[in-house]
Structure formats: structure tokens, C-alpha cells
Amino acid sequence: GLALRETAHPHLVALRDETRETTQIAILDHWQVVYLERMLSPLPAGFMRARSGAILPAYCTGLGKTLVAFRPEAEVAEWAATQKFPAMTPNTITTAKRLLKELAIIRERGYGLDEEEREKGVSCIAAPVRNHTGEVVAAISVAGPVQRMPRQLAGSSMAATVMMAASAISIDLGFVDGAVGSYGAVSTAHGGRR
């Protein structure tokens, strides 16, 4: 987790500065999301209860759904079949069938969304981070109050920015597939350790 956090840090800072919203990185541990680091928005962020070290269920967060989406499908289906998915808000996915459908969309689109599924008034865009073997080892996200986030999260320029930041971190971790684009942190942080 430490090398991952150190590698991601400058990118999370640049992403926070570019979007002016809270950025975070998390990993999946026993089907739960463990938040490794958070860069808080300079703007008031309301409640947003997740913090560094927090452990949350995966099914109702953008980070969690993104991390689960890139696990082996059979493993995910087996896990989902044994779970209950309590509603956190009116938007929470509460069935295994609906979750599996959402995970397929995330795999196809390449990033996950949380549209007030865990916390009313908060939305999030999350993208996978890959290591040198191409395995998804973490996910990063931008989260903020719905009134400041893009009205349509999917396909937004913010989603593209989150994807580019995740790609830049992946490249710093040794992943070699794909280009990064013009993401702000690449020139100053590429390959950099603090």
C-alpha cells in the first residue's frame, strides 16, 4: 500500500487541483473498500464520510464497484450470490443481479460511478489503476457534492480526466499499455517518488 500511495500522491494532488473536488485512492480487501489516501477539496465538501483508513462495502461506492468489476467474473458472481445489499440511499443497488449488470457496464465503459448510492448528495467517478502485469490493484476517484459534479457523469470531461490520472498512475507502476494524454500531473510527477 505504501508504494502505491507514494506513486499515486502527486497525481491525486494534481487531480484534486484540476477538478477542485476530493480525490482518493482505495484497494479491495475481502470484498471491502479500504481507502489509502484522500486529498480534500479546497471547497466545502458537506458530509462525505469516507476518510483515509476507512473500510466501506464495495457494492455502493464508485471505487468499490470499479475494483470489483475487474475481479474474475465467476469469483464476483459467487461472492455476490452470498451477499445482502442493504439500501444506503434510494439509489443504492440492492440486488446481486443488478450489481452484476452494473459491473459489466463498468468493465465496458472503463470506469465506475456512484450516483448518490452511498451518501445522499454526493456523487463520484472512479477509474482502475493497474500494475506492471495489467492487474487492477487499486482505483482512484473524484467525489463531490452533486451540485458541483457534472450533471451527466458518464462521458463527462471529468470522467476523462479521472481516467487519464488513473492511466498515469498505472504507467508509474510499470503498466505499459495505452497512452496517457494531456493529464496535468504527468510531466511533473511521471516516475516520481516523493
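Accessible areas come from the Shrake-Rupley method with a 1.4 Å probe. With that method, the accessible surface of the protein chain in this predicted model comes to about 9300 Å², and 53% of this surface belongs to carbon and sulfur atoms.

**Exercise 1. Describe the overall make-up of the protein chain, beginning with its helices and strands.**

Step 1. Listing the elements gives six helices and six strands, and reading along the sequence gives the pattern α-β-β-β-α-α-α-β-β-β-α-α.

Step 2. Turning to burial, we find that buried residues make up 51% of the 194 residues in the chain.

Step 3. Among the contacts with a separation of 6 or more, 59% are accounted for by residues that lie 24 or more positions apart.

**Exercise 2. Work out in which order the six strands lie in the open sheet, and which strands form its edges.**

Step 1. It helps to recall that strands of a sheet pair through backbone hydrogen bonds, either parallel or antiparallel.

Step 2. In this open sheet the order is β3-β2-β1-β6-β5-β4, and the pairing is antiparallel. The edge strands are β3 (55–57) and β4 (112–115), each of which pairs on one side only. From one strand to the next, the twist averages 30°.

Step 3. Helix α2, which spans residues 62–69, packs on the sheet and touches β1 (22–29), β2, β4, β5 (122–130) and β6 (136–145), while its direction makes about 155° with that of β6.

**Exercise 3. Follow the pairing from β3 through β2 and β1 to β6, and find the bridge partners of A26.**

Step 1. Between β2 (residues 32–39) and β3 there are three bridges in the antiparallel sense, and V34 stands opposite I55 in β3.

Step 2. Seven bridges pair β1 with β2, again in the antiparallel sense; the hairpin of these two strands has two residues between them, and in this hairpin H30 takes a positive phi near 50°.

Step 3. On the way to β6, five bridges join that strand to β1, and the two run antiparallel.

Step 4. The bridge partner of A26 in β2 is Y35, whereas in β6 the partner of A26 is A139.

**Exercise 4. Examine the salt bridges of K65, R107 and E116, and decide whether the residues K65, E117, R107, E73 and K120 are buried, partly exposed or exposed.**

Step 1. Side chains of opposite charge can pair when their charged atoms come close. A salt bridge is counted here when a side-chain nitrogen of Lys or Arg is within 4 Å of a carboxyl oxygen of Asp or Glu, and by this rule there are eight salt bridges.

Step 2. K65 and E117 meet through their side chains at 2.7 Å, N to O. This pair links distant parts of the chain, with K65 in helix α2 and E117 in the loop between β4 and β5, 52 residues apart. Both K65 and E117 are buried, and the two residues are linked with E102 in a network of salt bridges.

Step 3. R107 forms a salt bridge with E73, where the closest N and O atoms are 3.3 Å apart. Here too distant parts of the chain are linked, since R107 lies in helix α4 (residues 96–109) and E73 in helix α3 (residues 73–81), 34 residues apart. R107 has a relative accessible area of 28% and is therefore partly exposed, while E73, at 55% relative accessibility, counts as exposed.

Step 4. The side chains of E116 and K120 meet in a salt bridge at 3.8 Å, N to O. K120 has a relative accessibility of 58%, so K120 counts as exposed.

Terms used: Residues are numbered from 1 along each chain as its sequence is written. This is a predicted model: local features need pLDDT of at least 70, side-chain atom pairs count only at pLDDT 80 or more; totals for chains, interfaces and linings use all residues. Side-chain values use heavy atoms; hydrogens and water are left out. Two strands pair if DSSP finds at least two bridges between them. Helices (H or I, at least four residues) and strands (E, at least two) are DSSP runs, numbered from the N terminus. Axes are lines fitted to C-alpha atoms, for helices over the stretch in contact, and angles run from 0 to 180 degrees between N-to-C directions. Contact means heavy atoms within 4.5 Å. Buried means under 20% relative accessible area, exposed over 50%, partly exposed in between (1.4 Å probe, protein chains only).
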